[in-house]
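I opened this model to look at how one helix is packed, and then at some of the contacts made by side chains and strands. My notes follow in the order in which I looked things up.

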Amino acid sequence: MTDWTEKHRPRTLDGVIGNPAAVNSLRAWARSWEGGIPETRAVVLSGPPGVGKTTSAEALAREMGWGIIEMNASDQRRKSDIEAVALSGSISNTFGDDGTYLAAGSKGRTLIVLDEADSFAGNSDRGGGSAVSEVIASTKQPLIIIANDYYELTRKSSAVKTKTLQITFKRPQKSSIAKALYAIAKEEGVDIDPEALERIVENSSGDMRAAV
């Protein structure tokens with residue numbers, strides 16, 4: 001069975017529903033890299049699950065023509081993991097998707113994405129929080145840190161509060177979710193009872209991914 005959450009994931013920033021201000025701020029930050037390395041090298045996307053944070057990061061890379069390195073903190077959360085993947089990628093010269101060499105500081109860039117970063121906690125963290133701070137301070141590539149709980153993240157890394165741009169994603173309005181679901185149903189050739197769709201929207205509690 002086809003996974004509709006992936007099939008109908010927005011491919012562009014304009015397709016992300018319910019957070020136009022957040023999307024515009026993210027796009028403006030990305031464009032600040034066009035003139036070289038900006039003062040604010042990292043951005044934190046925070047907000048509840050299913051509101052488009054990871055989708056927006058991936059769509060931004062496509063829009064800007066950047067490569068992308070994604071790291072999920074649930075799977076790789078030790079300091080050594082972060083240093084091996086995110087830190088090395090953020091300070092080195094990179095290669096484009098077609099294999100073309102891109103010198104650091106050229107137009108070609110690689111977006112580093114640290115997803116679920118607020119899960120760095122407890123004994124299993126093994127220095128992951130300090131490694132995140134190091135990436136923020138030294139990155140030569142655009143860095144997006146994604147978290148459900150911004151304040152938990154700042155508790156683990158002081159650099160998050162002082163050296164990043166915070167962008168908050170909110171739960172979309174019910175009407176926006178309903179409109180998106182109707183569009184998906186139409187594309188899939190599915191007839192849906194308006195009352196059933198209303199129930200789906202209500203039960204999703206603003207989580208677009210859950211609604212789909």
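Entry 1, the packing of α2. In this predicted model, I first looked up what lies over the buried residues of α2, and I found that their cover includes the strands β1 (42-46), β5 (110-115), β6 (143-147) and β7 (164-168), together with helix α3 (53-64). The residues concerned are Ala22, Val23, Leu26, Arg27, Trp29 and Ala30, which are the buried residues of α2. I noted that they cover an arc of only 160° around the axis, which puts them on the same side of α2. On the face turned away from that buried side I found the exposed residues Pro20 and Ala21. I also checked the length of the helix: α2 spans residues 20-31, twelve residues in all, and reaches 17 Å from its first C-alpha to its last, close to the 16 Å expected at 1.5 Å a residue.

Entry 2, strand β1. I turned next to β1, one of the elements that cover the buried residues of α2, and asked how many residues of β1 are buried. Five of the five are, so I recorded β1 as largely enclosed by the rest of the structure. Both of its faces are covered, with Ala42, Val44 and Ser46 buried on one side and Val43 and Leu45 buried on the other. As for its neighbours, β1 pairs with β6 in the parallel sense over five bridges, and leucine 45 stands opposite isoleucine 146 in β6. β1 also runs parallel to β7, to which five bridges join it, and here serine 46 stands opposite threonine 168.

Entry 3, salt bridges. I counted seven salt bridges in the structure and followed three of them residue by residue.

Arg27, already listed among the buried residues of α2, meets aspartate 14 through its side chain in a salt bridge of 3.2 Å, N to O. This pair links distant parts of the chain, since arginine 27 belongs to helix α2 and aspartate 14 to the loop between α1 (4-7) and α2, 13 residues apart. Are the two partners buried or exposed? Arginine 27 is buried, with a relative accessible area of 11%, while aspartate 14 is exposed, at 66%.

In helix α6 (residues 150-156) I found glutamate 152 and arginine 155 joined by a salt bridge of 2.9 Å, N to O. Because these residues are three apart in the helix, they are separated by about one helical turn. Glutamate 152 is partly exposed, with a relative accessible area of 23%, and arginine 155 is exposed, with 59%. I then noted that salt bridges that share partners join Glu6, Arg9 and Glu58 into one network.

Within that network I looked up the pair of arginine 9 and glutamate 6, whose side chains meet at 2.7 Å, N to O. Arginine 9 is partly exposed, with a relative accessible area of 21%, and glutamate 6 is likewise partly exposed, with 44%.

Entry 4, glutamine 141. My last query concerned glutamine 141, which lies in the loop between α5 (128-138) and β6. Its relative accessibility is 1%, so this residue counts as buried. A polar atom of the glutamine 141 side chain lies 3.0 Å from the backbone nitrogen of threonine 110.

Key. Residues are numbered from 1 along each chain as its sequence is written. This is a predicted model: local features need pLDDT of at least 70, side-chain atom pairs count only at pLDDT 80 or more; totals for chains, interfaces and linings use all residues. Side-chain values use heavy atoms; hydrogens and water are left out. The expected span of a helix is 1.5 Å times one less than its number of residues. Buried means under 20% relative accessible area, exposed over 50%, partly exposed in between (1.4 Å probe, protein chains only). The arc is that of the directions from the helix axis to the C-beta atoms. Contact means heavy atoms within 4.5 Å. A salt bridge is a side-chain nitrogen of Lys or Arg within 4 Å of a carboxyl oxygen of Asp or Glu. A polar contact is a pair of N or O atoms within 3.5 Å; within protein, one must be able to donate a hydrogen and the other to accept it, and residues adjacent in sequence count only if both atoms are side-chain atoms. Two strands pair if DSSP finds at least two bridges between them.
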